[in-house]
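Trainee: I should like to learn how to read the features of a model step by step. Could we take burial as our starting point?

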Amino acid sequence: MTRYFPNPVGTAALGRPSARSSAAALAGAMLAIFLATSCSRTNQSAPLPKPTAFGAAIVESNGGKQFAQTGAWLPQPVVVQVNDEQGTAVAGAWVEFAAAPGVTFDPPKGLTDTSGQLTANVSLGGMAGRYQFTASTLDKSQKKVQLKIEEIALGYQQTLGRHLNDLYCERCHSPESTVERVSNFDNLEVKPHPFTEGDTLNKISDADLTAIISHGGPALNKSPLMPAWGNTLSRADIQALIAYIRAISDPPSRSAGPTYAEN
Amino acid sequence: MKEKLTSLWQRLFGDSVRAFGVVSLVFLVSLAIAPAKNFFSEWRHYQHGYLRMIRNRSDANTLQRHFQAGIQQIWLPELGVVDRCTSCHVGLKEASLRDVPVQPFRTHPVIPHKLEQFGCTVCHRGQGAATTVAEAHNSTLAWEQPILPAKYIESSCGECHRGPLPGTPQLNQGRNLLSRDGCVHCHMVRLPDGSTMKASDDPPILSHIADKTTREWIYAWLKDPQAYAATVTMPNFKLSDNDARDMSAFLIANSSPLAGDTVTLSAKASSDPVAGASLYGESFCASCHAVQNAAGNMVGGDVGPELTRVGSKVKPEWLQAWLRNPRAYDPGTGMPHYRFTDPQVATLSGFLLAKTDSDLLANVHLDASTPEQIAHGKRLVSDYGCASCHEIAGIKKPENFAPELSRIGSKPVTQLVFLPGMQHTLPDYIATKIKQPRSFGQGLKMPQYTLTPMQIDALTTALLALNDRSNALPPSLAVAAAPESDYQPAGKAGKLMSDLACFSCHRINGHGGEMAPDLTWEGSSVQREWLVQFFKNPGTLRPSLIRRMPRFNLTDTEVNELTDYIMTVYQNPGIDRDSMPLSGYAQGQIELGKQLLYGKYSCQGCHIVDTKTDKGYIGPTLTDVGSRLSAAWIYQWMKNPQALRPGTAEPNRAMSDEDARALTAFLISQKGGAAKEVAKK
């Protein structure tokens, strides 16, 4: 029977200096189980195909910097492309994903399709924060070529903040329009800061953000086009919004939480 | 060998003193085992590790003061919780440890509940009383409940919270899917409050199917519903050619013609694609129906069926009768009775019938059906439980067709069958069962659904919330869902409103859709004359919306009936329309209102008052708000918009009476004069 290890991010990071041997045994067992589970899924149906071509570079063509709830699948699949020296897509090249334990890829490895791409659904680990993972391919000399991709996992508070953002903030603060939701960004004389704009927002303290959200732009001598939300949103709502803003800012905010990368 | 043993025996137990000494030693050692085991226990190592970790931190003193050595326990008899998790997870409540890279010491993420109130296992499952890592987290032979994987954690919120929560999108989606994808047509789900989960989809009646479509289409549909339309929720039953042939034969043979399913139009079906497309657009068909465009994207809503290949499905006569009055064929349909004229029906049906796919039926060649095939088809239709979802003449809706799911989230692992390669846990079992239901054995009836990985996780989350704990919750903890209202307006106007399917988009008194504004207080809100004009020619209120009110070609009598009903019945008791006049405000007050609007409150960010200067288009255009809304409504809206329409994006500005009155005076003076004059010319 396969024993089931629920929260690999947590247990893999255990530091137990006084019981090193059993920690090592635990890590070994986990490794074995990860290998067993990941291999049993792919190996059962068909043996892995051999690469028929080799590239020189691997690039991200879609799916980086997405947000999803902890443990959930990213809304869009991650698409990576293998190129040769001239930058032309290479079909049939080997691609393998690797990440901190807890991140799953479907499929975790494979060959690029006729357009030189491999598409994988990705679900993030159980802890909120940033997840860095790598997609790697082999070049002609069998050397690994790597690409780093980062995604963001939102915890409960950030998810709540995201919900409030969708309801009240996004129409003005995001310049992106969809068919269903036309952005109001371009109509505003003073442009709001998109919430991913870390360069500006990371410098504003939590207290100042709370003041702007509660009392409107004029609270910090900013535009009155930003209305006061203090009578519409509760304290907890505003904290949740700030947690969301901190989580998605780019470059990352200091209080964005830890980054999980491949060990 | 024997001699050696004898000499050893002699040495140890040769005389009574030696024997006593050795036996004492053995006893001492065995007595020491218990404290030693305790001393070398895992939790103690974690606590030492924690103390080592905090030693060099700047907040070491505070953390040290909060730290309590020994096994910690949260005991909540009411919930059956005995959780010792905090023995190792020492820093759960220490806000400063939120970025600690090593577990088990990190702070718990912010949630609305207190640790002391609910413990750990209520949400995370696992064995609370265990004091080793393996026993606490994993499924061992002795313990049933492993830790719940993080991706299903919202299911635990659903144990107490029976309605949707803003912070649990996955659980909300899963519950919606259970009723929207029709799971509960076959699977009974009795909710902890005693009610039964109801399906929110509306599978079509099949008793008159021959009026609507051909046997060939039914065959192709049964074989692969997604080949007809990618967004359909009809699952794939993986039927053999012969089974699909016989079922289609039965459905056609069983169908009885419905009077009125063919109409003779005064106009010939037109094939003018430009006129058709413009009528399709004007009627806002795309608010509910989607069509796949050349780029493969779905354009339109998901309230009604997808229309990408509708011309390959429906018979022209049926479509025309349907467009004339959909309620004649299906009295419960959500499609409004548009009151199209004959030439309009001709144009629109011609436009829709051109949406064909020649590949769909190219390889379908069916010979005339035999009585044996029809009889076999009938058996199959009963066996597969088609009547669980569809109304079919002569076939009774089966009761308890599929296993009840009311407590599926507590099903013991020992009762589950696992496939090779699966994790032996309940969540993995549920997810795999939804993903590939037929892979669990021969002769299983559950069909194959087309679901994304996200939808499968959402459904699994919702199902895990249906468990023993949610059914045996102390009543004080259960948070009931908002009761579903079955409000129906009365009388002639009520009939007219269901004929126009107002509730497909609008919500009134807690009943209806959410695409269009809530009309519960519409009578207090708008002016009668404006409403009359709006029914006759619905204009654009919110410029950025692509889904708008269609025009229904209503007669004057119908317009008056509807308007009278709305103006008298949908009144907010807190708003006295006559308390504030529609004109006659002092110029100074109007001026002050204008200053407030453009200055202090900067309403132009979201609204357009003056088309020359303002650009905001989140809220409705206000150029003629003075001839649209009542002054009393505007005033109350300024004071507290959420009280009138919960969830509106308009912020509550906690305005003083004076400011609200001035803004009302200014807004009520905006009668759309300029626009009207342009229209006159």
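Mentor: B:Leu622 counts as buried because 25 C-beta neighbours lie inside 10 Å. A residue is buried if 20 or more other C-beta atoms, placed from the backbone, lie within 10 Å of its own, exposed if 12 or fewer, and partly exposed in between. The model is predicted; local features need pLDDT of at least 70, side-chain atom pairs count only at pLDDT 80 or more, and totals for chains, interfaces and linings use all residues. Residues are numbered from 1 along each chain as its sequence is written, while chains are lettered from A and ligands numbered from 1 in the order in which they are written.

Trainee: Where is B:Leu622 found, and which residues does B:Leu622 touch?

Mentor: B:Leu622 is in the loop between helix 28 (587-598) and helix 29 (631-639) of chain B. Helices (H or I, at least four residues) and strands (E, at least two) are DSSP runs, numbered from the N terminus. Not counting residues up to four places away in sequence, B:Leu622 touches B:His607, B:Ile608, B:Val609, B:Leu667 and B:Gln670; a contact requires C-beta atoms, placed from the backbone, within 7 Å. By contrast, 58 Å separate the C-alpha atoms of B:Leu622 and B:Thr86, which are 536 residues apart along the chain.

Trainee: How should nonpolar cores be read, and which residues have the most contacts inside the largest one?

Mentor: In soluble globular proteins, nonpolar side chains tend to be buried together. A nonpolar core is a set of buried Ala, Val, Leu, Ile, Met, Phe, Trp, Tyr and Cys residues joined through C-beta atoms within 7 Å. The largest here has 80 residues, and A:Val95, A:Tyr131, A:Leu241 and B:Leu463 have the most contacts inside it. Helix 6 (residues 235-248) of chain A gives the most to this core, with 9 residues. A second, separate core of 34 residues includes B:Leu531, B:Phe535, B:Leu622 and B:Ala631. As for A:Leu241, this residue touches A:Gly161, A:Leu164, A:Asn165 and A:Ile213, not counting residues up to four places away in sequence.

Trainee: What is the make-up of chain A, and how are its strands paired?

Mentor: Chain A has 6 helices and 10 strands, and buried residues make up 37% of its 263 residues. Of its contacts between residues at least 6 apart in sequence, 61% join residues at least 24 apart. Two strands pair if DSSP finds at least two bridges between them. Strand 3 (residues 78-83) of chain A runs antiparallel to strand 7 (residues 117-123) of chain A, with 4 bridges joining them; A:Val78 stands opposite A:Ala120 in strand 7. Strand 5 (residues 104-106) of chain A also pairs with strand 7 in the antiparallel sense, over 3 bridges, and here A:Phe105 stands opposite A:Val122.

Trainee: Which backbone angles deserve attention?

Mentor: Most residues other than glycine have a negative phi, and most peptide bonds are trans. The peptide bond from A:Asp106 to A:Pro107 is cis, with omega near 0°; A:Pro107 lies in the loop between strand 5 and strand 6 (109-111) of chain A. Another cis bond runs from A:Asp250 to A:Pro251, with omega near 5°, and A:Pro251 is in the loop between helix 6 and strand 10 (259-260) of chain A. Phi is positive, near 65°, at A:Gln142, in the loop between strand 8 (129-138) and strand 9 (144-154) of chain A. B:Asn509 has a positive phi of about 50° although it is not a glycine.

Trainee: Why is A:Gln142 classed as exposed, and why is B:Asn509 classed as partly exposed?

Mentor: A:Gln142 is exposed because it has 7 other C-beta atoms within 10 Å. B:Asn509 has 15 and is therefore partly exposed.

Trainee: How far can the coordinates be trusted?

Mentor: Where pLDDT is low, the predicted coordinates should not be read in detail. pLDDT is the predictor's confidence in each residue, from 0 to 100. Chain B averages 90, and 97% of the residues score at least 70. Over residues 677-681 of chain B, pLDDT stays under 50, and the model has 0 contacts for them beyond four places in sequence. For the complex, the predictor gives an ipTM of 0.88 and a pTM of 0.87.

Note on methods. Contact = placed C-beta atoms within 7 Å.
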